[in-house]
Amino acid sequence: MGIELDLELPDIEILKVSRDSKGDYVIELRSTNKSGVCRKCGQEIRHFRGYDEWITIRHLPILGREVYLKIRPRRYQCLECDNEPTTTERFSWRASGKSYTKAYQDHVLRCLISSSVEDVCLKEKLGEKQVEAMLSESCFGKNPLDHISYIGTLGLDEIALKKGHRGFVAIASSHYEGRTQLLGVLPDRKKETVFKFLKLIPDALKTTIDEVATDMYEGYLNASKEALGESVEIVVDRFHVAQSYRKSADSIRKQEQRRLKKELSEDDYKQIKGLLWAFRKNPDKLTETENGILEIAFGYSPALKEAYQLRNAMTDIFEEPYTKQEAITAFIEWEEKVIQSGLNCYDAFLKTLNSFQSQIANYFNNRCNSGFVEGFNNKIKVIKRRCYGIFNIKHLMQRILLDTLGAKLIITK
Ligand SMILES: [Zn+2]
């Protein structure tokens, strides 16, 4: 073998390299350390008391083969402490108390980025528990807040842990200088839970919150107000506002379509086939056929037309270069039109618009597009799907940190 092996581990010397029956490498090492640290007094100790038992430590693979290091730690005695205790040397390169090196742990974590625990277990011949332990003992197992130095925009949103399940977890994220990072995964989206989480943000970090971006959920809004004080601006995400009034408009579409199906002849009803998508689409993006479908449907249902126009008028408000005050005026005018129309599909939305008028209109202050919240949540959903649904919040949090920070923390090192 003409290859000079450099294990890149300090204070060791290679005694022997051999292959085991499976073809994996077994490398016998000797520690070249001449001293240890007393476990009682913490002083450097040099009185050598012989070797401990052989231990086996997994290291980075070579040529596609697993690599096991074998070493007998040296033992030193402290002559200063009572009873002159003996301490076994510790290796700076070994994951503390583990049967693998820190370098191997990083290797497994790198493999885990954009992959799943099952996959990595298969490739590295490790147990699920082992991989999970490597993750939770790494920096990705720490509180997400420990990775944050400036919050910027604090986003609050939720995702469903199980599809079709009512169990939501809340996701708190930070967005600053184009970077989105996880702040926390909360077990539910109750006001008390969010309040408690926000309260636990260290004061120094709290002062770095420029604004809070949230959906129209009352729990978030009230928790933010109470936990962070009036001085932090709360902005309701315009896309969540849009989701809400668009859903209102869609409810009358559904209702009218059901009515028309009963009242129209089969041939006439066929003319409005495709109404759902034509109605939901951005008016600028409609094809001629879709425009035709809408026109026919509106002929049968003036109420539907009115709801549609009001919906688009609301979107237009958000596109205008209004100041906050001008936006509020526009909201009030819109509200009057809704009331005059006699439509009731917007009732729930009007209630929200009134309760959170100021927070919704805060969007116009600096037009912070909190699409990042949505983008970040999509990333989380991908992680969740890839891992066949992670139902454990702690694991989910670690996986998000690994996938979003891993490249920076363990690849570039
Ligand atoms: Zn001592």
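**Figure 1. Asn362 sits in the loop between helix 14 (357-361) and helix 15 (363-366).** Like every view here, this close-up comes from a predicted model. Is Asn362 buried or exposed? Asn362 counts as buried because its relative accessible area is 6%, and the cut-off for buried is under 20%. Its side chain has a partner: a polar contact of 2.8 Å links the side chains of Asn362 and Lys324. Which residues does Asn362 touch, once those up to four places away in sequence are set aside? The answer is Glu233, Ile234, Val235 and Lys324. While you're here, keep an eye on strand 14 (233-236), since that strand comes back in the interface view.

**Figure 2. Asp250, a residue of helix 7 (residues 238-263), and its polar contacts.** Asp250 has a relative accessibility of 10% and so counts as buried. Which side chains does the side chain of Asp250 pair up with? One is Arg253, with a polar contact at 3.1 Å. Another is Arg280, where the polar contact is 2.8 Å. Arg280 also turns up when you list the contacts of Asp250 beyond its neighbours within four places in sequence: the list is Phe279 and Arg280. For a sense of scale, take Asn344, which is 94 residues from Asp250 along the chain; the C-alpha atoms of the two are separated by 12 Å.

**Figure 3. Where domain 2 meets domain 3.** The domain assignment splits the protein into domain 1 (1-94), domain 2 (150-237 + 370-389) and domain 3 (239-366). Note that domain 2 is written as two stretches of sequence. The C-alpha centres of domain 2 and domain 3 are 28 Å apart, and the contact draws 13 residues from domain 2 and 14 residues from domain 3. Together the two domains bury about 1200 Å², with carbon and sulfur atoms giving 60% of that area. Which three residues of domain 2 do the most here? Met216, Val236 and Asp237 supply 45% of the area that domain 2 buries against domain 3, more than any other three residues.

**Figure 4. A closer look at the domain 2 side of the same interface, and at what crosses it.** How many salt bridges run between domain 2 and domain 3? The count is zero. Polar contacts are there, though: six residue pairs, both partners at pLDDT 80 or more, make them between domain 2 and domain 3. On the domain 2 side, helix 6 (218-228) and strand 14 (233-236) are the elements that give two or more residues. Strand 14 gives the most, with four residues. Sorted by class, this side of domain 2 has five nonpolar and eight charged residues, with no polar ones. So the residues facing domain 3 include eight that count as charged, because Asp, Glu, Lys and Arg make up that class, and yet the rule finds zero salt bridges across the interface.

**Figure 5. Two residues with a positive phi, Glu8 and Ser114.** Most residues other than glycine have a negative phi. Glu8, which is not a glycine, has a positive phi of about 55 degrees. Where is Glu8 found? Look in the segment before strand 1 (12-19). With 68% relative accessibility, Glu8 is exposed. Ser114 is not a glycine either, and its phi is positive at about 60 degrees. You'll find Ser114 in the loop between helix 1 (102-112) and helix 2 (117-124). Its relative accessible area is 53%, so Ser114 is exposed too, the cut-off being over 50%.

Technical notes
Residues numbered from 1 in each chain as written. Predicted model: local features only at pLDDT ≥ 70, side-chain atom pairs only at ≥ 80, totals over all residues. Heavy atoms only, no water. Buried < 20%, exposed > 50% of the residue type's maximum accessible area, 1.4 Å probe, protein only. Domains from an automatic or database assignment. Contact = heavy atoms within 4.5 Å. Buried area = accessible area lost by both parts, 1.4 Å probe. Salt bridge = Lys/Arg side-chain N within 4 Å of Asp/Glu carboxyl O. Polar contact = N/O pair within 3.5 Å; in protein donor to acceptor, adjacent residues only side chain to side chain.
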